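Subject: Structure handover

Hello,

Here is the structure I promised to pass on. Please open it alongside this message; my notes follow below.

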Amino acid sequence: MRFSWRKYPRILTKMVEIEEQSKDKKISLLLEDLSSLEDYIHSLFSFFPLPICFISPLGVVLEANPAFEKVSGFELGEAIGESIERIFDKDEIDSLQKDTMEKGFVEGRKMRLFPKGKEEMPVQVFTRTRKDEEERVVGFFLSLFDLIKVEKAEFELREAQIALLNILEDTEEARKKAEEERNKTLAIITNFTDGLIIFDTEEKVSLINPQVEDFFGVKANDIVGKSIAELNDIPVFKPMVELLGEEIKNVFRKEFQSKENLTLEVSTIPILRGEESLGVLVILHDITREKMIEQMKTEFVSLAAHQLRTPLSAIKWTLRMLLDGDLGGITDEQRNFIEKTYKSNERMIDLINDLLDVTRIEEGRYLYKPVRTQMETIVKFVVDSYQDEASKRQLKIEFKAPKKKLPSVLIDVEKIRLSVQNLIDNAIRYSKPGGKVTVSVGYAKKELEVIVKDSGVGIPADQQKRIFTKFFRAANVMRMDTEGSGLGLFIAKNIIEAHGGRIWFESEEGKGTTFSFALPVKEEFGEFLKEL
């Protein structure tokens with residue numbers, strides 16, 4: 001049997017009512033969803049960090065997010081209703097609008113933005129048309145991308161690229177220069193007239209030049225890589241190693257005889273890079289010819305001095321006899337001339353004696369009468385002998401005796417006396433009237449020390465390094481006294497050093513000078529003197 005709703009009109013009415021209520025509810029829910037979606041889209045549009053706006057076909061801003069308002073310079077809501085031409089160049093925006101309407105979009109076009117109250121800025125523009133339900137264009141979306149940071153980054157990248165290229169060019173140039181310098185250095189080392197040996201940080205030979213091969217009769221391949229201790233096992237290197245030590249020490253212009261008719265002068269120079277040690281450079285200079293000339297010169301001076309001393313001594317005694325009246329009476333005028341001649345002859349004899357002392361020093365045979373004695377006795381004797389000379393020059397000379405007896409010392413009395421005389425003679429000679437010379441003797445740290453202090457003219461600072469060299473006299477004293485050989489301090493220094501002592505001074509021009517020397521006090525020093 002077929003069912004019919006017409007027989008039940010109430011049920012049918014009720015069902016129609018239920019269906020209409022369900023439609024109303026669905027529509028209400030749909031409207032709520034659309035409202036939520038609209039709020040979501042608006043929130044997203046407002047939050048979106050890229051500047052976005054909606055432009056009408058007439059070029060009027062209909063909607064814009066806060067990011068767009070910020071970049072355009074407009075206040076919140078102020079951009080709405082404004083023409084887009086206010087912030088873009090008219091020709092550029094017309095071209096953009098035309099292309100957007102024809103193609104439906106434009107992507108990444110570079111344009112100039114003119115923000116309100118701000119300077120022009122480069123931007124990249126993206127557009128896309130907006131259509132209604134009937135597919136009619138009702139405007140277009142426009143978004144901006146600030147290119148300032150991008151262009152800055154691109155500029156910095158280009159600058160970095162240019163800088164990197166410059167660095168690479170400089171590096172390549174530096175490498176070429178380094179190679180050139182290396183080649184130059186090797187050429188200099190190879191052709192250097194002195195022998196050069198380079199030791200690395202482990203004191204092994206890393207390089208020798210051909211001159212070293214000639215000096216020692218060896219080949220570089222046989223020497224490179226050997227330590228200085230291993231060089232000591234090679235006979236020709238033994239004198240050099242004994243001078244340098246197995247731990248290479250600082251040496252400056254020390255002489256040794258490598259073999260017969262070959263005398264070398266050795267100096268060491270540390271190789272540094274900043275404060276880092278890279279090794280040691282040993283320089284060997286052939287002084288064989290210089291030593292030969294020096295020997296010939298010494299022999300000539302010795303011969304000439306001996307030949308001159310004999311007639312000068314005869315002249316001295318003849319003049320002395322005249323002055324003493326042994327050859328008859330003389331007038332006062334004659335006596336005056338003879339006394340001047342006698343003094344000049346004495347200066348010549350002193351010079352000859354100084355020259356003979358220098359030749360003995362250079363020949364290594366200067367000390368030959370060592371005895372044990374008291375140093376203060378020798379010094380006091382010399383001081384007393386200069387009292388009359390000091391009085392003539394209106395100077396005061398004082399000897400400060402030690403408070404207690406000093407240890408005896410083994411010395412060549414005559415030579416030490418000569419050293420003290422030279423120091424005191426200079427102090428008196430170069431002190432002005434009214435000045436004072438003080439001489440003292442002391443003992444400290446197993447050394448006897450003699451100090452000669454004056455209030456004289458002092459030594460110029462720029463000339464102090466040469467004070468102990470032969471024939472040197474400072475410029476200021478040459479103006480005061482034209483006499484003097486310039487040998488006194490050279491002789492004194494060599495005498496002191498031959499005794500194993502040391503000599504030094506402190507001086508200030510115009511205020512005076514203090515010379516000091518110290519001699520060791522030890523028993524074994526006697527053996528040292530006997531070897532001399």
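Of the 532 residues of the protein chain, 36% are buried. The exposed surface comes to about 34000 Å², with carbon and sulfur atoms supplying 54% of it. The chain carries 16 helices and 17 strands. Take contacts between residues at least 6 apart in sequence: 53% of them join residues at least 24 apart.

Keep in mind that this is a predicted model. Mean pLDDT for the protein chain is 83. A value of 70 or more is reached by 87% of the residues. The weak stretch to flag is residues 525-532, where pLDDT stays under 50. The model has 16 contacts for that stretch beyond four places in sequence. Where pLDDT is low, the predicted coordinates should not be read in detail.

Now the cores.

The largest nonpolar core has 50 residues. Met375, Val379 and Ile424 have the most contacts inside it. Helix α13, residues 413-429, is the top contributor to this core, giving 8 residues. Domain 3 (291-362) and domain 4 (369-520) each supply at least three residues to this core. Ile424 is worth a look. Beyond four places in sequence, Ile424 touches Val382, Val383, Tyr386, Ile397, Val439 and Val452.

Another core, of 25 residues, lies apart from that one. Its members include Phe237, Val251, Phe256 and Val266.

Val251 deserves a closer view. Val251 sits in the loop between α8 (238-244) and β8 (254-259). Is this loop residue buried or exposed? Val251 has a relative accessible area of 6%, so it counts as buried. Its contacts beyond four places in sequence are Leu243, Leu244, Val266, Ser267 and Thr268. Thr268 is 17 residues away from Val251 in sequence, yet their C-alpha atoms are 5.3 Å apart.

The loop between α8 and β8 also holds Arg253. Arg253 has a positive phi, near 55 degrees, and is not a glycine. Glu203 is another non-glycine residue with a positive phi, near 60 degrees. Glu203 is in the loop between β6 (195-199) and β7 (205-208). At a relative accessible area of 24%, Glu203 is partly exposed. Most residues other than glycine have a negative phi. Please check both backbones by eye.

Gly500 follows α15 and has a positive phi as well, near 80 degrees. Helix α15 itself spans residues 488-498. The buried residues of α15 are Leu489, Phe490, Ile491, Ala492, Ile495 and Ile496.

Three further positions are on my list.

Pro122 is in strand β4, residues 121-131. Pro122 is buried, because its relative accessible area is 18% and the cut-off is under 20%. What does Pro122 contact, leaving aside neighbours within four places in sequence? The partners are Lys110, Met111, Phe145, Asp146, Leu147, Ile148 and Glu151. Pro122 and Met111 are 11 residues apart along the sequence, with 6.1 Å between their C-alpha atoms.

Gln374 is in the loop between β11 (370-373) and α11 (375-385). Gln374 is also buried, with a relative accessible area of 17%. Outside four places in sequence, Gln374 is in contact with Lys405, Leu406, Pro407 and Ser408. Val413 is 39 residues from Gln374 in sequence, and their C-alpha atoms are 9.7 Å apart.

Met348 belongs to helix α10, residues 332-363. Met348 is partly exposed, at a relative accessible area of 37%. Leu312 is 36 residues from Met348 along the chain, and their C-alpha atoms are separated by 7.7 Å.

One item comes from a record. An unreviewed UniProt entry lists residues 150-188 as "coiled-coil region". In the model, residues 150-188 are 100% helix and 0% strand. The C-alpha atoms at the two ends of that stretch are 55 Å apart.

That is the full handover.

Best wishes

Key. Residues are numbered from 1 along each chain as its sequence is written. This is a predicted model: local features need pLDDT of at least 70, side-chain atom pairs count only at pLDDT 80 or more; totals for chains, interfaces and linings use all residues. Side-chain values use heavy atoms; hydrogens and water are left out. pLDDT is the predictor's confidence in each residue, from 0 to 100. Contact means heavy atoms within 4.5 Å. UniProt positions are given in the numbering used here, feature names are shortened, and annotations may be inferred rather than shown by experiment. Helices (H or I, at least four residues) and strands (E, at least two) are DSSP runs, numbered from the N terminus. A nonpolar core is a set of buried Ala, Val, Leu, Ile, Met, Phe, Trp, Tyr and Cys residues joined through side-chain atoms within 4.5 Å. Buried means under 20% relative accessible area, exposed over 50%, partly exposed in between (1.4 Å probe, protein chains only). Domain bounds come from an automatic or database domain assignment. Accessible areas come from the Shrake-Rupley method with a 1.4 Å probe; for residues, only the protein chains shown count as cover.
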